[in-house]
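Reader: Hey, I've just opened this one and could use a quick tour. Mind if I throw some questions at you?
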Amino acid sequence: MPPRTLSNYYKDDWKSGEADFVDIISAVNGKPVARTSSAGIDFADMVRHGRNVGGPALRAMTFHERAAMLKGLAQALMDRKDDLYAVSRDTGATDRDAWPDIEGGAGTLFSLASKAKRELPNSTIILDGPIEGLSKGGTFVGQHIHTSKLGVAVQINAYNFPIWGMLEKLGPALMAGMPVIIKPATPTAQLAESAVQIMVATGLLPKGAVQLVVGSAGDLLSHLTGQDVVSFTGSAATAAKLKTHPTIIEHSVPFIAEQDSLNASMLGPEVAPDDEEFQLFVKEVSREMTVKAGQKCTAIRRILVPSSLVDAVQDALVQQLSGISIGDPADKATKMGALVSAAQRADVVSRVGELEDEAEIVHGSLDEPTLVGDGAQTGAFMSPVLLRCSSPLSAEKVHSVEAFGPVATLMPYDSVADAIELCRLGGGSLVMSLFTHNKSVAREVVLGTAPFHGRIAIINRDCARESTGHGSPLPVLVHGGPGRAGGGEEMGGVRGIKHYMQRTAIQGSPDILTAITESWVTGAKTDTSTPHPFRYKFGDLEIGKTIETGSRTVSLEDIEHFAEFTGDNFYAHMDEEAAAANPFFPGRVAHGYLILSFAAGLFVDPEPGPVLANYGLDDLRFLAPVTPGETLTVRLTAKSKKKRNDEYGEVNWDVEVTRADGKAVATYTLLTMNAI
Ligand code: NAP
């Protein structure tokens, strides 16, 4: 079959390049599988189209509508996953390697969509933190908000996870209301292009929301401004080049970098060879070295082992690695596929050469390995290579040279302090893992190494069976790392969305802030007219609708009755002398839960109606004691609303319970589900 000519997705049309084609070569048999070029793309026009067409369309959608779109895209990718696996095999990936890329990528979109639906309002701005009081009288207050940036999100991706790497950036950017221009790495651009074709074919993406560049990025970066964002994944060298691009510097274009890192995994100092943690460690190191032929940004590169165990660990690792069959990713007998290209293999071989200045190869070789499967016949295969460095504290290259293949270095350590220092010598990593069952070791290592890492996994007999392992970035946790790892951060649930939005502190009166945020702010106008707020259906209930209740006096009998009824005989409610000795109370006081119950008794409108259920309280604070004889009143105000589905939505109510002297004794947010 002649190689496929990949197409750019430019201004809502598929357009192949006009010249300067680059061949993409199969990692398995050395034959060309596709050719790419972006010649003929007007990058200024592409950026303009994203900004002027995609941006407004996305920003007109609410977070919930964008979440539904992402869910649809993820489902379409899952429906066509077999096609993607087929394309993936030519990149050297076995199906086990491709799973996190294809299904993990779709799962990342599913996860973000469902988190955004639950955690973000059905609107277009995100409130950040509570209202900040700025004045004595409460007439001037502040609120941080996030709004969508008005530019394009340019993503430049590494070759190793062409689908996951694209989706973990695409999801947050589209959720934030930013159109995306995707530039996949050339060696695996055919897989990214196939996935974009599937997503475009759903018809779910508004015009201009997504564009794709297969081939050179040309002068794309020159057209960016401070409203655009670049998110980059790749080598430290390319990152350094791109983030110092004059346009990026001149316009302070946000630049999120995820780059190579020398991730460490550490075996705890207390572990013995027959402990479960020993076996778990050896298995994980071997797995991380060989999955995706070691071409993972999170792969274990530095293996830290107590000096007394280094021979035992080496023997166990050699045994594991010897069982790895290498060859055609399509062959069921293959455990490890190929590197992405002969050039990548040559690069890894040369990096191992550098590492050999400080370490010796104790397993594997740089020669062509024996292959399984008839289809495998190119120079992109290599065997796992285990090195050993006997003096890692004084070494330099083993902590800085990344061989982006099935390569890792064993390093002995004498004390936990030394092991922590070795971790830090990586200069900042995406992830480290620690295999220990000892709590104080875990705390010491985490506190000593956390400033150098974006993620730390502690694995032992208690969690190993359900653990997601050292190398898997998860959509709900942040991915990124300081220093050498690029200083970026992605994902982390809805956190990742905010990289594509601008945070602004808004100052003004409670009425103005309520109007801007669509969330009632204390001090803003209320509507206390009848009927009771519980009589309104979700759609008809207006923010600020309020009930100011009658009053109820709390008697000593009430407190005693409540104590007997619930069994809560805590001394502060039942023993005058002991209560008075407590610095917080003048004597016996009402139970906090009694105050809440009386408050409900005051504000509830009992007849059946649109309020379907009370599903919780947020931010509850008891602010002042209530002694027997005090009289309570309640103000309940509709604060904000979030539609859940076509049948019901969530209403947040601001509640303040006050004493007769006007002092607030309890404040909280009541959460109800109301019929649409
Ligand atoms: P790379 O060579 O640095 O390339 C990364 C991307 O930059 C590719 O899309 C490449 O496109 C593009 N690029 C290169 N020069 C450019 C320029 N002048 N203008 C615009 N774009 C340009 O990295 P790679 O070989 O694809 O990936 C392997 C590296 O990525 C490893 O070092 C690995 O550690 C790192 N990585 C890090 C993470 C992470 O999350 N931290 C994840 C995966 C990989 P072309 O391919 O067309 O040149």
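Author: Sure, and keep in mind that this is a predicted model. Let's start with K335: leaving out neighbours within four places in sequence, K335 is in contact with T94, R96, G323, I324 and S325.

Reader: Okay, and where is K335 placed?

Author: K335 is in the loop between β15 (326–327) and α11 (342–355).

Reader: Is K335 buried, partly exposed or exposed?

Author: K335 is partly exposed, because its relative accessibility is 44% and that class runs between the 20% and 50% cut-offs.

Reader: How far apart are the C-alpha atoms of K335 and A209?

Author: They're separated by 39 Å, with the two positions 126 residues apart along the chain.

Reader: Switching topic: what about Q190, buried or exposed?

Author: Q190 is buried, since its relative accessible area is 4% and buried means under 20%. Q190 sits in helix α6 (residues 189–201).

Reader: Which residues is Q190 in contact with?

Author: Not counting neighbours within four places in sequence, the contacts of Q190 are R4, L6, I24, V33, A34, V87 and T91.

Reader: Now the inside. How many residues does the largest nonpolar core have?

Author: That core has 56 residues, and L174, M175, M199 and L205 have the most contacts inside it. Elements giving two or more residues to this core include α3 (81–89), α5 (164–176) and α6.

Reader: And what does M175 touch?

Author: Beyond residues up to four places away in sequence, M175 touches F63, R66, A67, L70, L112, A116, L120 and I497. Another core, of 38 residues, lies apart from the largest one, and I326, C423, L434 and A442 are among its members.

Notes:
Residues numbered from 1 in each chain as written. Predicted model: local features only at pLDDT ≥ 70, side-chain atom pairs only at ≥ 80, totals over all residues. Heavy atoms only, no water. Helix = DSSP H or I, 4+ residues; strand = E, 2+ residues; numbered from the N terminus. Buried < 20%, exposed > 50% of the residue type's maximum accessible area, 1.4 Å probe, protein only. Contact = heavy atoms within 4.5 Å. Core = buried A, V, L, I, M, F, W, Y, C linked by side-chain atoms within 4.5 Å.
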